Amino acid sequence: MIYQIRKDDFLSWLKKQREGKKVLVPTRKEEGYLFLPWVGDELDLREYTNTLKPVKDVFFPQWETLIRYRVEKEKSGEIVEETSRTEPLILFGVRPCDAKSIKLLDNVFDGEKYKDPYYCQRRKNTLIISLGCRELGPTCFCQNIGINPLSSEGSDILLVEFEDRYLAQSGSDTGLEILEQAPFTPAESKEQKIFDELNGNPARLNEAEFRSLALNNMPDFNDSVWEKLYQKCLNCGICTYLCPTCHCFDISEMTLDSEGKRVRSWDSCMYSSFTLHGSGHNPRPTGKERIRQRIMHKFNYFPQNYGVIACVGCGRCVAECPVNFDVREALKLLGVWKDDLQL
Amino acid sequence: MANSLDPAATADDVKRINALLPVKAKILRITQETPDVKLFSISTLDEQLPFPVSPGQLVMLSVFGMGEAIFAASAGENCLEVAVKRVGILTEALHEAKAGQTMGIRGPYGNGFSLDIFQGRNLLFIAGGIGLAPVRSLIKHVLNHRKDFGHLQLIGGFRSPKDLVFKRELTEIWPVSEDFDVAITVDKAEEDWRGHVGYVPDLVKKLKPQLDETACILCGPPVMLKNTFNVLEELAFSPENIYTTLEMRMKCGIGQCGRCNIGSCYVCLDGPVFSLAQLRALPDEY
């Protein structure tokens, strides 16, 4: 079922949501778009393809306190668990690739055995309103790996721009409840048809097809292709920080006098210290093992463990790599990119 | 809030708990094992067992202000025993600590040894250096349930005679235990050393341990493991009968931080105990 709303009406509705909720919107900054708290001014989305930092930052922040404690010499005082921010939040303008990335991260942080309370708390308190992509950015490749740029997966509400309106589709029960009320109205059959047409060519390859390619065609662990692949990589790790699905983290201590906290921060499998043993032994000593780990984790291990590829085709890693390492080219070299697709 | 200490915690409570939150504990006793290894007995503040662990399982120890690291733990009566070699910032801080000091502990993580598999069989233990710690937790279990197991043999290797960890057990207790052969080798001997000299794989080759109904359990540095696997296979041990416990750098212990995986397996969740057959099916990246 498709709903619709005039853009003006939507902005008034969103403005009203600021009573009691924090609203984050893509905000233009010198370095690119970032999700920042909205003060209710005019939205400038003219050059918006995606935010510089992935939306995972909202749920699994780059840096967060896990516990606080007091340390006294040879004793230690209290351990206090840091409760995550429970402030209700609305995210507007999330791209469908990033919305999907949150679904992927749910597998890790909201798993069957272990649930991360910090992450889950934020997930529960956040409404995701995504904005479908009518045009793709220069490094976007979602469609090549079976992801639909107009999908509502991972969103509560998906909006698709059409003339002076947004066409809206729910991605969750919460989203549906909102859409069933004013100022949203059910779309006429004409708009329904337009939505279907826009959605007509969603992905050039379905996700299952790409997944089976990645699971079955990936070269052997000791194949010489891995030697080729890593040569130009600087192991700077920018691809991992900007990746919406990378979730590796470090836990470290910050102590000032007797006050201390234990913090969790994003970490990267591109660094040699990432796997370095206390003994000095390192299971992934060179760039070769580390690039192999990054690619295998996304396209082989993650689908083995969770049944889904851990890449959403946002293209940030391609756009921001200082030496133009292109994961699409890598996949092509590995034989897990469909041959008939031109880069 | 429910934590791993709460015996009334239901499965749902366990799911809700914060797995990264340590339990406050204290150092009950410290034993200097070798110049760079100390054995820490860790209990709750009221001197109880922090939580049960089975042989081979891991715990995350933390010194507030210094950090956390993962260790193999062995259950004592009212404490967990953890052998710590001084190698880095956290282990240095532990070595500086005194009995009574408060610390954090969380766990247990991973699957220990499948004790059922070893039931009724002969056991060959092979340990290199501090790799004896997880093997010792299994040996303690076996000696407490002696009639459930067959012949026991231990082959231990250390850098020098000074580096023998659990020396009393190695030299005084185990060798006189029922049906338990103990052989020790050192890389470099000193004048009064009368035992074997050389590396573990060579001693295994020389001693040709019996195969019949025998399961082999080994732990040590990766180089020793890989070379010993080869020797064991030359001696016709099948990979299904060889078990090892691996240690990797870990931050979470619950399959999230992303650094202890070997292929799609997480050592913290799926390990740390693997059979050689299982390891052979995984990439050689440990």
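The paragraphs below lead through a predicted model, starting with the domains and central sheet of chain B and ending with local features of chain A.

Chain B is divided into domain 1, which covers residues 11-109, and domain 2, which covers residues 115-245. The C-alpha centres of these two domains of chain B lie 25 Å apart, and the contact between them takes 16 residues from domain 1 of chain B and 17 residues from domain 2 of chain B.

A useful element from which to read chain B is its open sheet of 7 strands, whose order is β11-β10-β9-β8-β12-β13-β16 and whose pairing is mixed. At its edges stand β11 (196-197) and β16 (273-275) of chain B, each of which pairs on one side only. Within this sheet, strand β9 (residues 152-158) of chain B and strand β10 (residues 180-186) of chain B run parallel and are joined by 7 bridges. Two residue pairs help to fix the register: B:I155 stands opposite B:A183 in β10(B), and B:Q153 has B:D181 of β10(B) as its bridge partner. As for the surroundings of this strand, 5 of the 7 residues of β10(B) are buried, so β10(B) is largely enclosed by the rest of the structure. In general, the strands of a sheet pair through backbone hydrogen bonds, and they may do so in either a parallel or an antiparallel manner.

Helices are also in contact with these strands. Helix α4 (residues 132-144) of chain B lies across β8 (122-128), β9, β10, β12 (214-219) and β13 of chain B, and runs at about 155° to β8(B). Helix α7 (residues 222-234) of chain B lies across β8, β12 and β13 of chain B, with an angle of about 160° to β12(B).

The next topic is the nonpolar interior. The largest nonpolar core has 112 residues, and those with the most contacts inside it are A:I295, A:F299 and B:I126. Helix α3 (residues 96-109) of chain A provides the largest share of this core, namely 7 residues. Because domain 1 (11-109) and domain 2 (115-245) of chain B both give residues to this core, it lies between them. There is also a second, separate core of 33 residues, which includes B:V37, B:L39, B:A127 and B:V165. Returning to A:F299, and not counting residues up to four places away in sequence, one finds that this residue touches A:F210, A:A214, A:L215, A:M218, A:I309, A:C311, A:V327 and A:L331.

A group of cysteines in chain B carries an annotation. An unreviewed UniProt entry lists B:C252, B:C257, B:C260 and B:C268 under "binding site". Although these residues are spread over 17 residues of sequence, they cluster in space, with a largest C-alpha distance of 10.3 Å. B:C257 is placed in the loop between β13 (242-245) and β14 (261-262) of chain B, and with a relative accessible area of 3% B:C257 is buried. Leaving aside its neighbours within four places in sequence, B:C257 is in contact with residues of both chains, among them A:C248, A:F249 and A:F274 as well as B:M250 and B:K251. B:C268, by comparison, is placed in helix α8 (residues 267-270) of chain B, and at 2% relative accessibility B:C268 also counts as buried. With neighbours within four places in sequence again left aside, the contacts of B:C268 include B:Y109, B:G110, B:M250 and another of the listed cysteines, B:C260.

Chain A offers a further example of strand pairing. Strand β2 (residues 22-29) of chain A runs parallel to strand β6 (residues 89-94) of chain A, to which it is joined by 3 bridges, and A:L24 stands opposite A:L91 in β6(A). β2(A) is also joined by 6 bridges to strand β3 (residues 32-37) of chain A, and here the two strands run antiparallel. The bridge partner of A:R28 in β3(A) is A:Y33, and β2(A) and β3(A) form a hairpin with 2 residues between them.

Finally, A:I238 lies in helix α9 (residues 238-242) of chain A and, at 30% relative accessibility, counts as partly exposed. A:I238 and A:E320 are 82 residues apart in sequence, whereas their C-alpha atoms are 7.3 Å apart in space. Not counting residues up to four places away in sequence, A:I238 touches A:E320, A:C321 and A:P322.

How values were computed. Residues are numbered from 1 along each chain as its sequence is written. Chains are lettered from A and ligands numbered from 1 in the order in which they are written. This is a predicted model: local features need pLDDT of at least 70, side-chain atom pairs count only at pLDDT 80 or more; totals for chains, interfaces and linings use all residues. Side-chain values use heavy atoms; hydrogens and water are left out. UniProt positions are given in the numbering used here, feature names are shortened, and annotations may be inferred rather than shown by experiment. Helices (H or I, at least four residues) and strands (E, at least two) are DSSP runs, numbered from the N terminus. Buried means under 20% relative accessible area, exposed over 50%, partly exposed in between (1.4 Å probe, protein chains only). Contact means heavy atoms within 4.5 Å. Two strands pair if DSSP finds at least two bridges between them. Axes are lines fitted to C-alpha atoms, for helices over the stretch in contact, and angles run from 0 to 180 degrees between N-to-C directions. A nonpolar core is a set of buried Ala, Val, Leu, Ile, Met, Phe, Trp, Tyr and Cys residues joined through side-chain atoms within 4.5 Å. Domain bounds come from an automatic or database domain assignment.
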